[in-house]
Amino acid sequence: MATMAITADMVKKLRDQTGAGMMECKNALAEANGDFEEANTILRKRGLASAAKKAGRTATEGLIAHRVAPDHSSGVLAEVNCESDFVARTPDFQQLMQSVLTEIERAGDAANEAWLKDPQGPIVKHVAPVIAKLGENMAVSRFVRYAGKAYVGQYIHQGGKIGVMVELGGVTPDAVKREEFQTLVKEIAMQIAAANPTYTSRESVPAEILEKEKRIYRAQMENSGKPANVLDKIVEGKLGSFYKQVVLPDQESIRDPKMTVKQVIDAAAKALGVPVAVSRFARLKVGEAAA
């Protein structure tokens, strides 16, 4: 018998029914060859469908748990989900968020997607009793951890619905203490929260993404009758607009739209006398992983 292809929609449907993790649902569906009842049974046998009785109830509310080391050498963001904003504000849920952050810190480099979803792992063991106590489906859908490479700053927006973590390299211990640097970190993190960039530089945009954009621009102008060299220039111009949307340094500063983020960083670097640069960043918004 041919094995059935397991689609993302099927996985999402089973996840909605059972509250089990994405990988567990995918594996159970593969084992059951696409049979939902059988997959549900497999999950229940493994003790993973703890929310099976909460069929159809999805955990898309919640908060972004956040913690940064006192010396800013490391930081963690984690999306902890539940079904209602009311539960997200309870002491039990707040305590769960802190426990999750502690476990991620404790695991260090060993903390990854498989570790997060492991039914016998520490995260699932923290979540299960809180589900039982509060009667809502819950999950830790994802996390980001930065450690040991540079200065880590965070910004939490909308009362915990959006969390940003940004890592800045090239700074000295003396520069870190200065007000100009602290202002820059906050400004960059708020920029990421508001403008939602994807890349730290033009060079980090994957070639296939750029090619796709260029194809779209050329298709828009294929009947324009313009010569090839003119079309190339128009495509480059449109790419510039694309970079302004998705590349952090190319974006207009939300504080001063007459400046780019690169100009803001360069001005701060000059004032501080150190080559400050954003090495990486993450922006987590509650619910977007489930969308």
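Which residues of α10 meet which residues of α11? The legends below take up this question first and then move on to other parts of this predicted model.

**Close-up 1. Helices α10 and α11 meet side by side in the predicted model.** From α10, the residues taking part are Ile 209, Leu 210, Glu 213, Lys 214, Tyr 217, Arg 218 and Gln 220. Their counterparts in α11 are Leu 231, Asp 232, Val 235, Glu 236, Lys 238, Leu 239, Phe 242 and Tyr 243. Sorted by class, this contact holds eight nonpolar, one polar and six charged residues. The axes of α10 (residues 207–220) and α11 (residues 228–246) come within 10 Å and cross at roughly 125°. The two helices are therefore oblique to each other, and their crossing is right-handed.

**Close-up 2. Helices α1 and α2 cross with right-handed geometry.** Here we look at α1 (residues 8–18) and α2 (residues 22–31), whose axes come within 9 Å and cross at roughly 110°. That angle makes α1 roughly perpendicular to α2. On the α1 side, the contact is made by Met 10, Val 11, Leu 14, Arg 15 and Thr 18. On the α2 side, Met 22, Cys 25, Lys 26, Ala 28 and Leu 29 contribute. If you like a tally by class, this contact has seven nonpolar, one polar and two charged residues.

**Close-up 3. Strands β1, β2 and β3 form an open sheet.** The strand order is β1-β2-β3, and the pairing is antiparallel. At the edges you will find β1 (61–68) and β3 (139–147), each pairing on one side only. Neighbouring strands in this sheet are turned against each other by 10° on average, direction ignored. Eight bridges join β1 to β2 (residues 74–82). To pick out one position, follow Arg 67 to its bridge partner in β2, Val 76. Helix α5 (residues 91–107) lies across β1, β2 and β3, and runs at about 45° to β1.

**Close-up 4. A hairpin links β4 and β5.** Strands β4 (residues 151–157) and β5 (residues 162–169) pair in the antiparallel sense over seven bridges. Four residues lie between the two strands. In the turn, have a look at Gln 158, which has a positive phi of about 55°. Tyr 151 has Leu 168 of β5 as its bridge partner.

**Close-up 5. Strands β4, β5 and β6 make up an open sheet of three strands.** The order is β4-β5-β6, again with antiparallel pairing. Both β4 and β6 (277–285) stand at the edges with a single partner strand each, so one side of each is left without a neighbour in the sheet. The average turn between neighbouring strands is 15°, direction ignored. Between β5 and β6 there are eight bridges, and Leu 168 stands opposite Val 278 in β6. Helix α9 (residues 179–195) packs on this sheet and touches β4, β5 and β6. The direction of α9 makes about 135° with that of β5.

**Close-up 6. The stretch 50–56 has pLDDT below 50.** Across the protein chain, the mean pLDDT is 89, and 94% of the residues reach 70 or more. Over residues 50–56, by comparison, the pLDDT is below 50. Beyond near neighbours in sequence, this stretch has 21 contacts in the model.

Methods
Residues numbered from 1 in each chain as written. Predicted model: local features only at pLDDT ≥ 70, side-chain atom pairs only at ≥ 80, totals over all residues. Heavy atoms only, no water. Pairing = 2+ DSSP bridges. Axes fitted to C-alpha atoms, helices over the stretch in contact; angles between N-to-C directions. Contact = heavy atoms within 4.5 Å. Parallel < 35°, antiparallel > 145°, perpendicular 65-115°, else oblique. Left-handed = near helix turned anticlockwise from the far one by under 90°. Nonpolar A, V, L, I, M, F, W, Y, C, P; charged D, E, K, R; others polar. pLDDT = per-residue confidence, 0-100.
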